[in-house]
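This briefing covers helix faces, aromatic contacts and enclosed space. Keep the structure open while reading.

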Amino acid sequence: MDESHQLHQLTGDPQLNAVRVDRFRASVTRCMWAFLAAGLGFTTTGVHDFLAGHLTPADPMWWGAWLVEPALAGILITLLRWEAEMISRGISAAHQTVTRLKRVLLGATLVTNVWSSVRPPSGPINHGMVFLHVVIPLVVYLIAEVMPIIQQRCTAARDQALNAVPTQAADQQRPEVPEPKSAVSAPIRLRLPAPMIEALRVKRDQVDALGRELTAQDVQDAVKVAPDYAARIVRELATT
């Protein structure tokens with residue numbers, strides 16, 4: 001296994017990471033939907049007790065009372081599905097009217113459940129049922145508020161995974177661009193001014209005509225530089 005493949009395994013594939021985030025989001029969303037449905041199933045009994053009261057199954061209202069909470073829950077679920085779809089497409093679903101509608105739906109569920117538990121149709125007050133009829137509607141409300149946040153954060157994590165580029169791998173795959181060579185490449189690499197480059201070129205031509213090697217003193221005669229810098233220029237020119 002070569003080094004680039006090992007680095008690719010360490011950094012991870014952006015597409016694969018995005019798929020993992022989407023799968024995780026779907027798993028969390030399914031769990032939240034299941035818990036929301038279970039909570040709404042419990043609150044349906046409280047709404048029915050609030051509406052039906054002392055009615056019997058012989059009264060049509062007794063049967064109709066079972067439909068009220070599923071109707072309210074259906075509106076809430078449809079609204080949450082719309083929010084999830086908008087957020088998954090990068091569109092903000094936050095709006096005052098949407099928040100108000102969710103609060104009205106869940107507020108109605110809370111009030112009817114609390115009322116039916118503190119004023120039971122028959123028998124004494126059961127404090128455990130009062131607690132559950134208070135807590136569960138609140139949990140349902142918070143689940144409805146949290147689900148859009150989950151969708152938004154997971155979408156942001158997916159986009160971040162898609163945009164993540166393994167920097168080190170990209171650097172390794174980037175081809176090396178050779179530096180352009182010239183008659184006097186060392187002074188150019190040393191970022192010397194153009195007049196100094198030209199002076200060095202002339203000096204080297206003179207030394208070549210004499211049949212000897214360029215020395216640091218020759219460089220100092222051509223341009224005014226320090227001795228150590230002149231020696232460096234000579235070493236650079238010797239490699240060209």
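**Pocket, cavity, helices and rings**

The lining of the largest pocket divides into seven nonpolar, five polar and three charged residues. The model is predicted. The pocket itself holds about 260 Å³ of space.

**Largest pocket**

- Fifteen residues are too many to list, but of the 15 that line the largest pocket, Ile 87, Ala 93, Ala 94, Pro 148 and Gln 152 are the closest to its centre.
- Helix 4, helix 5 (96-118) and helix 6 each give the lining of this pocket at least two residues.
- Helix 6 supplies the largest share of the lining, four residues.

**Largest cavity**

- How many cavities of 30 Å³ or more does the structure hold? There is one.
- The largest cavity has a volume of about 40 Å³.
- Its lining consists of Leu 80, Glu 83, Ala 84, Met 147, Pro 148 and Gln 151.
- Helix 4 (68-88) and helix 6 (127-163) are the elements that give two or more residues to that lining.
- By class, the lining of the largest cavity has four nonpolar residues, one polar and one charged.
- Pro 148 lines the largest cavity and is also among the residues closest to the centre of the largest pocket.

**Helix 4**

- Helix 4 has 21 residues. From first C-alpha to last it reaches 31 Å, close to the 30 Å expected at 1.5 Å a residue.
- Its buried residues are Glu 69, Ala 73, Leu 76, Leu 79, Leu 80, Glu 83, Met 86 and Ile 87.
- Seen down the axis of helix 4, these buried residues fall within an arc of 150°, so they line one face of the helix.
- An α-helix has 3.6 residues a turn, so residues three or four places apart point the same way.
- The face turned away from the buried side of helix 4 carries Thr 78 and Arg 81, both exposed.
- Leu 80 and Glu 83 are buried in helix 4, and both line the largest cavity.
- Ile 87, also buried in helix 4, is among the residues closest to the centre of the largest pocket.

**Helix 9**

- Helix 9 (residues 194-210) has 17 residues. Its reach from first C-alpha to last is 25 Å, close to the 24 Å expected at 1.5 Å a residue.
- Which residues of helix 9 are buried? They are Ile 197, Leu 200, Lys 203, Arg 204 and Val 207.
- These buried residues cover an arc of only 130° around the axis, which puts them on the same side of helix 9.
- On the other side of helix 9, Ala 194, Pro 195 and Ala 209 are exposed.
- Gly 211, just after helix 9, takes a positive phi of about 80°.

**Aromatic pairs**

- A search of the whole structure finds two aromatic pairs.
- One of them joins Trp 62 and Trp 63, edge-to-face, at 4.8 Å centre to centre and 80° between the planes.
- Trp 62 and Trp 66 have ring centres 6.0 Å apart and planes at 80°, so this pair is edge-to-face as well.
- Trp 62, Trp 63 and Trp 66 form one aromatic cluster.
- Is Trp 62 buried or exposed? Trp 62 is buried, with a relative accessible area of 19%.
- Trp 63 counts as exposed at 52% relative accessibility.
- Trp 66 is partly exposed, with a relative accessible area of 31%.

Methods
Residues numbered from 1 in each chain as written. Predicted model: local features only at pLDDT ≥ 70, side-chain atom pairs only at ≥ 80, totals over all residues. Heavy atoms only, no water. Expected span 1.5 Å × (residues − 1). Buried < 20%, exposed > 50% of the residue type's maximum accessible area, 1.4 Å probe, protein only. Arc of directions from axis to C-beta. Phe/Tyr/Trp six-rings, centres within 6.5 Å; stacked < 30°, edge-to-face > 60°. 1 Å grid on protein atoms, 1.4 Å probe; cavity = no way out; pocket = protein on both sides within 12 Å on 5 of 7 lines; lining within 4 Å. Points joined across faces, edges and corners; volume = space filled by probe spheres on them. Nonpolar A, V, L, I, M, F, W, Y, C, P; charged D, E, K, R; others polar.
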